[in-house]
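Biologist: Please take a close look at a single part of this model for me. I would like to see how the surface is described there.

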Amino acid sequence: MKQDIVISIIELLGTFAFAISGIRHAAAKHFDWFGGYICGVAVAIGGGTMRDVMLGTTPFWMTTPVYLICTAVALLTVVFFGRWMEPLKNAWFVFDTLGLALFTIAGIQKSLAFGQPFWVAIIMGCITGSAGGVIRDVLLNNEPVIFHKEIYAMACVLGGIAYWALIEMGLPVELTAVISFFITCAIRFLAVRYHISLPTLKGEGKES
C-alpha cells in the first residue's frame, strides 16, 4: 500500500512537470489554449499509457480524473505566470528533466509491483519517461529529442540501473526513489551542460 501511494505521488508530480514542458513547447509554436492542453496531456500521459498497456492494466489516467485536472492546472500556470517564467533560461528544459526522472522511477516501481524482472522494469521506466516527449515532438512537428545525440533516454536507463543497485544494497524504496531521481536529473543536466553525447552513426549518404 505504501509503495502504491509513492507511485501515485510520483506520477502526479511527473504529470505536472511534463505538462508544463509540453505546454511551453506549444506556446513557442503559438498554439491556442486547447492545443496547448492537448500537448500537455500527450506528453504527461503518453509514456505511462504505453507502459500500462504493455503491463496489461488499465492506463493510470483512466482510473481518476486527477491527472487531467493536473494538466489543466499546468496550463493555467503557464497562461497566468508565463511571463514570470519566461526570463528563466531553459525553464522548459528543467521541467522536462524533472518529468523524465519522476516518470522513470514511477515506471520502474509499477513494473516491479506487477512482478516484472528488473531488466524489464528498467526498460519500462525508460518508456514511461521518454515516450511522452516523443509524442509531444511529433505533435509539434519537431525531431524527437530521443533521436538526438544528446543524452535523454540513456539518462532513464542509467537512473534505472542506479535504482536496481540501491535496492540490491538494501536501501528503503523511498530513499532509493529520491537518490535515483537526483541521479537521473544530474546525468541529464551534466550531459547538456558539458555537451556529453553518444557517438553518432556514420552513413554513406542520404536516401534518395
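Modeller: What follows is about the nonpolar patch, with a few other places added afterwards. The model is predicted.

The patch lies on the surface and is formed by Phe-34, Ile-38, Met-50, Met-54, Ile-135 and Leu-139. Together these residues have about 550 Å² of accessible area. Two elements, α2 and α5 (118-139), each give two or more residues to the patch. The most comes from α2, with four residues. Ile-135 is placed in helix α5. Its relative accessible area is 31%, so Ile-135 counts as partly exposed, a class that runs from 20% to 50%.

Just before α2 there is a loop. His-30 is found in this loop, between α1 (2-28) and α2 (33-55). The phi of His-30 is positive, about 65°, although His-30 is not a glycine. His-30 counts as exposed because its relative accessibility is 72%, and the cut-off for exposed is over 50%. His-195, in the segment after α7 (173-193), also has a positive phi, near 55°, and is not a glycine either. At 72% relative accessibility, His-195 counts as exposed.

Helix α6 gives a view of buried residues. Among those buried in α6 are Ala-153, Cys-156, Gly-160 and Tyr-163. The helix covers residues 153-168, and its 16 residues should span 22 Å at 1.5 Å a residue. The end C-alpha atoms are 23 Å apart, which agrees. After α6 comes Gly-170, with a positive phi near 90°.

Technical notes:
Residues are numbered from 1 along each chain as its sequence is written. This is a predicted model: local features need pLDDT of at least 70, side-chain atom pairs count only at pLDDT 80 or more; totals for chains, interfaces and linings use all residues. Side-chain values use heavy atoms; hydrogens and water are left out. Buried means under 20% relative accessible area, exposed over 50%, partly exposed in between (1.4 Å probe, protein chains only). The expected span of a helix is 1.5 Å times one less than its number of residues. Patches are made of residues with over 30% relative accessible area and no salt bridge: like charges are joined within 9 Å, nonpolar side chains (Val, Leu, Ile, Met, Phe, Trp, Tyr) within 5 Å. Accessible areas come from the Shrake-Rupley method with a 1.4 Å probe; for residues, only the protein chains shown count as cover. A salt bridge is a side-chain nitrogen of Lys or Arg within 4 Å of a carboxyl oxygen of Asp or Glu.
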